[in-house]
Amino acid sequence: MSLRLGIPKGSLQEATLQLFARAGLPIYVSSRSYFAGTADPEIECMLIRAQEMARYVEHGALDAGLTGLDWVVESALDVLKVCDLVYAKQSRGKVRWVLAVPEDSQYDCVEDLSDCIIATELVNVTRNYFQRKGVAVKVEFSWGATEVKPPVLADAIVEVTETGSSLKANRLRIIDTVLESNTQIIANRSSWSDCQKRRKIEQLALMLRGAMDATDRVGLMLNVRKEDLPGVLAVLPALKRPTIATLSDESWLAVNTIIEESSAWKIIPQLKEAKAQGIVEYPLNKVVI
């Protein structure tokens with residue numbers, strides 16, 4: 001069995017490669033090839049633009065792939081969503097496709113753009129958005145550098161943003177959100193019906209989600225006397241409940257839990273005050289819930 005997997009080439013590529021490495025499946029990419037290797041002999045990777053991923057997955061050229069919800073919706077193709085992986089180029093958050101106009105323009109709402117030209121890469125989604133609003137516009141495909149087109153080449157744009165900094169730098173003002181998007185694993189329906197391929201895709205999704213859930217979290221181990229345990233538990237947050245085990249000296253307990261890394265700065269001193277001892281903070285590779 002061989003699983004053909006599409007890896008998004010372009011803005012998502014580096015973040016995706018880092019995620020796979022954290023999941024324990026590093027992808028080996030060559031600058032001269034669109035094919036990539038992995039340590040798993042059952043997985044063959046190809047670098048494909050996110051915009052085209054759904055097409056090749058639906059046609060069966062790829063069994064599965066990672067792409068954005070935006071491009072799946074834009075393509076209107078019949079692919080199966082396996083799971084969401086909420087990460088982007090710069091952060092672990094969703095991106096937004098927003099309707100933006102020049103800062104000094106007279107446009108304040110969607111209705112003000114009647115009969116205007118809208119430039120975007122996301123043509124079908126944008127057309128559907130204005131149709132739902134009942135506003136007649138001309139939507140033009142943009143090959144790139146969309147932010148520089150208003151007001152000379154277009155009246156407004158629909159563009160993807162993660163932080164909004166590029167729009168601000170180009171003196172653009174957001175007046176509405178057209179679509180929120182995040183990375184997804186998608187699969188070909190025939191491949192999903194193949195038990196071996198489905199199992200492999202599900203294993204891949206499990207490990208990638210585990211790597212994501214471990215991001216920004218750390219593990220904590222500590223020892224505490226039985227009589228001091230309530231005070232320690234009052235300090236500790238946890239995914240569910242801390243793991244507690246008796247030590248060789250039955251008057252002592254070992255406590256193991258997971259916390260947000262940003263909270264360790266406050267929690268560890270509080271644990272010390274609650275009479276915890278032998279506190280160890282350690283990094284996590286994966287958290288499988």
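Let's start right after helix α1. There sits Gly24, with a positive phi near 95°. Helices here are DSSP runs of H or I, at least four residues, and strands are runs of E, at least two, numbered from the N terminus. This is a predicted model, where local features need pLDDT of at least 70, side-chain atom pairs count only at pLDDT 80 or more, and totals for chains, interfaces and linings use all residues. Residues are numbered from 1 along each chain as its sequence is written, and side-chain values use heavy atoms, with hydrogens and water left out.

Now α1 itself, residues 13–22. Its buried residues are Gln13, Ala15, Thr16, Leu17, Leu19 and Phe20. Buried means under 20% relative accessible area, exposed means over 50%, and partly exposed is in between, using a 1.4 Å probe and protein chains only. What do the buried residues of α1 pack against? The partners are β1, β2 (27–29), β4, β5, β6 and α7 (195–214). Contact here means heavy atoms within 4.5 Å.

Next, helix α2, residues 50–59. Ala50, Met53, Ala54 and Val57 are buried there. They sit on the same side of α2, because they cover an arc of only 90° around the axis. That arc is taken from the directions from the helix axis to the C-beta atoms. The general rule: an α-helix has 3.6 residues a turn, so residues three or four places apart point the same way. The cover over the buried residues of α2 includes β1 (3–9), β4 (43–49), β5 (64–68), α3 (69–75) and β12 (183–187). Just after α2 comes Gly60, with a positive phi of about 95°.

α2 also helps to line a pocket. The second largest pocket holds about 320 Å³ of space. It has 13 lining residues, and the closest to its centre are Gln51, Arg55, Trp71, Glu74 and Phe141. For the method: on a 1 Å grid over the protein atoms alone, a pocket is an open set of points where a 1.4 Å probe fits, with protein on both sides within 12 Å along at least five of seven lines, and lining residues have an atom within 4 Å of a point. Points are joined across faces, edges and corners, and the volume is the space filled by probe spheres set on them.

Which helix gives the largest share of that lining? α2 does, with 4 residues. Both α2 and α3 supply at least two. By class, the lining has 5 nonpolar, 3 polar and 5 charged residues. Nonpolar covers Ala, Val, Leu, Ile, Met, Phe, Trp, Tyr, Cys and Pro; charged covers Asp, Glu, Lys and Arg; the others, Gly among them, are polar.

On to backbone oddities in loops. Ala76 is not a glycine, yet its phi is positive, near 60°. Ala76 lies in the loop between α3 and β6 (80–85). At 68% relative accessibility, Ala76 is exposed. Lys275 also has a positive phi, about 80°, without being a glycine. Its loop runs between α9 (264–273) and β16 (277–283). Lys275 is exposed too, at 52% relative accessible area. Then there is a cis peptide bond between Pro150 and Pro151, with omega about 0°. Pro151 is in the loop between β9 (138–141) and β10 (156–161).

Last, the whole chain. It has 9 helices and 16 strands. Of its 289 residues, 44% count as buried. The C-alpha trace spans about 80 × 50 × 35 Å along its principal axes.
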